[in-house]
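The exercises below ask you to work from the overall layout of a chain to its sheets, its cores and two single residues. Each task is followed by a solution that goes step by step.

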Amino acid sequence: LDEIPELKNIWFEPVLHHDAGFNGLYRILVDTSLINASQKEEEEVIHKIEHVYSRYRNICEDVFEIKILEQLPITICGDIETDGLVELAEIMANIYFIVEQNINPEVQFHALSELIEKGKNYDEIFDGPSLKHGFIQSDELIAQPDSIVVSDVVKLVMQVDGVVSVKNLHLEWNGAQYYNQLNIP
């Protein structure tokens, strides 16, 4: 994340059962900030990941595969009542932003002074590798989500300034409607 600016997030999953019986293999799942990336751009990102991983990997660990995750075009549908004081375009933009940041957050880098102001001690701040672009807090790293719960989306939408109520909210993906939960493939 620190050395490849095209990365939004990255997850390392151990390959538990390999046909040849190898241990120490990882499947690397990548969320890029590239929108509609060409195959050449994706190959360049994969090459950069392989290069950085090979410089920092532990002995007896290697890459099984690197997979750039596809965008999942989900539609949020529902009746949203507003207070009329905030522009509708601003409300929609804030809804999309807050849902995206909570379902698929980008890893944030923090300055030393920012973390000291938050009350973090030096042991917590400097725990981990030395980074070029600041510090990453371990508690901000989340696992890749395997589902989206509709009631969580409703709570997020209700936090947006100008939203009064949310009714009949559901998610749509691939022609299907999800009223409770959408499992991410």
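**Exercise 1. Describe the order of helices and strands along the chain, and then its overall dimensions.**

Read along the sequence, the protein chain follows the pattern β-β-α-β-β-α-α-α-β-α-β-β-β, which gives five helices and eight strands. Helices (H or I, at least four residues) and strands (E, at least two) are DSSP runs, numbered from the N terminus. The model is a predicted one, in which local features need pLDDT of at least 70 and side-chain atom pairs count only at pLDDT 80 or more, whereas totals for chains, interfaces and linings use all residues. Residues are numbered from 1 along each chain as its sequence is written, and side-chain values use heavy atoms, with hydrogens and water left out.

Turning to dimensions, the C-alpha trace spans about 60 × 45 × 30 Å along its principal axes. The accessible surface comes to about 12,600 Å², of which 51% belongs to carbon and sulfur atoms, as computed by the Shrake-Rupley method with a 1.4 Å probe, where for residues only the protein chains shown count as cover. Of the 185 residues, 28% are buried; buried means under 20% relative accessible area, exposed over 50%, and partly exposed in between (1.4 Å probe, protein chains only). Among contacts (heavy atoms within 4.5 Å) between residues at least 6 apart in sequence, 67% join residues at least 24 apart.

**Exercise 2. Work out the strand order of the sheet that contains β1, and place α1 relative to this sheet.**

Begin with the pairing, for which DSSP must find at least two bridges between two strands. The sheet is open and has three strands in the order β1-β2-β3, with mixed pairing. Its edge strands are β1 (7-14) and β3, each of which pairs on one side only, and neighbouring strands are turned by 20° against each other on average, direction ignored. Such angles run from 0 to 180 degrees between N-to-C directions, with axes that are lines fitted to C-alpha atoms, for helices over the stretch in contact.

Next, consider the parallel pair: six bridges join β2 (residues 25-32) to β3 (residues 62-68). Within this pair Ile28 stands opposite Ile66, and Arg27 stands opposite Glu65.

Finally, add the helix. Together, β2, α1 (residues 39-56) and β3 make a right-handed β-α-β unit, where right-handed means that, with the strands pointing away from the viewer, the path from the first strand over the helix to the second runs clockwise. Helix α1 lies across β1, β2 and β3, and runs at about 150° to β3.

**Exercise 3. Carry out the corresponding analysis for the sheet that contains β4.**

This open sheet of three strands has the order β4-β6-β7, with antiparallel pairing. The edge positions belong to β4 (75-82) and β7 (176-178), each pairing on one side only, and the average turn between neighbouring strands is 25°, direction ignored. Seven bridges join β4 to β6, and Asp79 stands opposite Lys167 in β6.

Two helices can then be placed: α2 lies across β4 and β6, running at about 135° to β4, while α5 packs on the sheet, touching β4, β6 and β7, with a direction that makes about 140° with that of β6.

**Exercise 4. Locate the nonpolar cores and name the residues in them that touch the most other members.**

A nonpolar core is a set of buried Ala, Val, Leu, Ile, Met, Phe, Trp, Tyr and Cys residues joined through side-chain atoms within 4.5 Å. The largest one has 17 residues, of which Ile95, Val99, Val157 and Val163 touch the most other members. At least two residues each are supplied by α2 (88-103), α5 (150-158) and β6 (163-173), and the largest share, five residues, comes from β6.

As for Val157, its contacts, not counting residues up to four places away in sequence, are Ile80, Ile95, Val99, Val163, Val166 and Leu169. A second, separate core of 11 residues includes Leu7, Ile49, Val52 and Ile66.

**Exercise 5. Is Glu41 buried, exposed or partly exposed, and which of these describes Gln137?**

Glu41, which is in helix α1, has a relative accessible area of 34% and is therefore partly exposed. Leaving out residues up to four places away in sequence, Glu41 touches Leu34 and Asn36.

Gln137 lies in the loop between α4 (122-125) and β5 (147-149). With a relative accessible area of 6%, Gln137 is buried, and, leaving aside neighbours within four places in sequence, Gln137 is in contact with His110, Leu115 and Lys120.
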